[in-house]
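Q: Could you take me through one small part of this model, going from a single residue out to the elements around it? I'd like to know where it sits, what it touches, and how far to trust the picture.

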Amino acid sequence: MKLIRNSCHWGWHGGWCRGRERALAALLCLGFFLVPHRLAAHASLIHSQPNAGARLDQPPSRIMLVFNERIESVFHALRVVDSQGREVEVGETRVMDGGETLMVPLPVMNSGPYGVYWRINSLDGHQVQGQFGFGIQSEPPTEKNLVEWTPVTAQSLPAWIFPLVKGSSLLTLAVWLGGLAAWMLIFSPGQGNFSGLSRTLVLASAATYLLLELWAILARTAVFLGGSIGSALAWAPLHAVLTSSSFGQWWSARFALALILLALTVMAVKSHSLRAGPHAWIAYLCGALSAGLLATIAATGHAQAAGEWTVLAQVVQWIHLCASTLWVGGLIHLVVAVAEADIADSETLRGLSGIVERFSRVAQICVVALILTGVFNTWLHVPAWSSFIETGYGRVLAIKIVW
């Protein structure tokens, strides 16, 4: 309670505070009144050749699927099925036109209705699938026919697993990197010493993050293959994902940085003078590697498929990740510092007062950065206001805004 009462003297009252609160409220209102830009959250089919539901006089020589954004160059599937459920032997799928078009050569086909079942992988790591039909000198199949002939296969893993793992991964990353940054910049600027519980949290979160990343690459490989986790344990498909897909290449860079950063983290938590003396280089290297690790996350996901906005979207996402990591991770370690402190000691209480004051200044900067970058991401990735209710991405984004 003393600490809370003392906080009244740290600049949180008066006109200055009210002015900052008004500014933050204005930024929030601005975000809600901006019209979202027309861009889908994942790759979506915008055109096909033949057209869906078309009646053709001559057999087509190929099938072309055009998407609104670039897709992965590997691990796509396209099947053509006749009215008897027999699969037509098609040629090799190829990605063309800068990565936005999938083309499959066709053999000479007989008259009749046909169904096309496709599955592609977006650059943001999500899998998208669909179906449509056409007829050769025949009426095209109905949607009921398409389902009856050969339903689109479900994903090998439940869709909810991926956001759960990603959320857990980002939380452990915040505890890890946010803890490093907080103890170097906020908690003990002169020394950078770690408390006992913070040391445990940093190391445990680092190890957990690496395990989650290993699971993520196996799960994503399984989805690419359309099989189980067991199928992803074979070296050939795993090697193909790591070397041939954009997701795998960025994952390899991220995991390598995380391994190096883990080794430096072990050195950091054992050091007694992190920001000064012979171990100061550890702090700077940890900061550089942390920034690089977050950059590999920002370079993937929705930002990577933002078309002409890709570079700006990646930079904005990197700022968003840095701000949320420092804010959330720092707050967790602040709670730990308060829980471990002997607040009956006046000197300790003064030290906590300084920590809270420094953290408050950093947190306000992080909040402003999160609001501005969040407004941009909403404008870029939400196609319409109704998407906040009708799409999974929009619902998650709405929860984040409220939170």
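A: Let's start with a strand pairing: D82 stands opposite Y114 in strand β8. Keep in mind that this is a predicted model, so I'll come back to confidence at the end.

D82 belongs to strand β4, which covers residues 77-82. Is D82 buried or exposed? With a relative accessible area of 13%, D82 counts as buried, because the cut-off for that is under 20%. Its side chain also has a polar partner: one of its polar atoms lies 2.9 Å from the backbone nitrogen of Q84. Setting aside neighbours within four places in sequence, the contacts of D82 are P113, Y114 and W149. So Y114 turns up both as a contact of D82 and as the residue opposite D82 in β8.

Now zoom out to the strand. β4 runs antiparallel to β8 (residues 112-121), and six bridges join the two. β4 also pairs with strand β5 (residues 87-88), again in the antiparallel sense, this time over two bridges. In that pairing, V81 stands opposite E87. β4 and β5 make a hairpin with four residues between them. In the turn, G85 has a positive phi of about 85 degrees. As background, side chains in a regular strand alternate between the two faces of the sheet.

For a contrast with the strands, have a look at helix α6, residues 235-244. Its buried residues are P237, L238, V241 and L242. Viewed down the axis of α6, these buried residues fall within an arc of 130 degrees, so they line one face of the helix. The general rule is handy here: an α-helix has 3.6 residues a turn, so residues three or four places apart point the same way. The buried residues of α6 pack against α5 (196-225) and α7 (246-270), while W235 and A236, on the other side of α6, are exposed.

And the confidence? The protein chain averages a pLDDT of 80, and 81% of the residues score at least 70. Confidence is highest in strand β2 (residues 54-56), at 94, and lowest in helix α1 (residues 2-6), at a mean of 40. Over residues 1-17 the pLDDT is below 50, and this stretch has 17 contacts in the model beyond near neighbours in sequence. Residues 28-41 are also below 50, with 31 contacts counted in that way. Where pLDDT is low, the predicted coordinates shouldn't be read in detail.

Note on methods. Residues numbered from 1 in each chain as written. Heavy atoms only, no water. Buried < 20%, exposed > 50% of the residue type's maximum accessible area, 1.4 Å probe, protein only. Polar contact = N/O pair within 3.5 Å; in protein donor to acceptor, adjacent residues only side chain to side chain. Contact = heavy atoms within 4.5 Å. Pairing = 2+ DSSP bridges. Arc of directions from axis to C-beta. pLDDT = per-residue confidence, 0-100.
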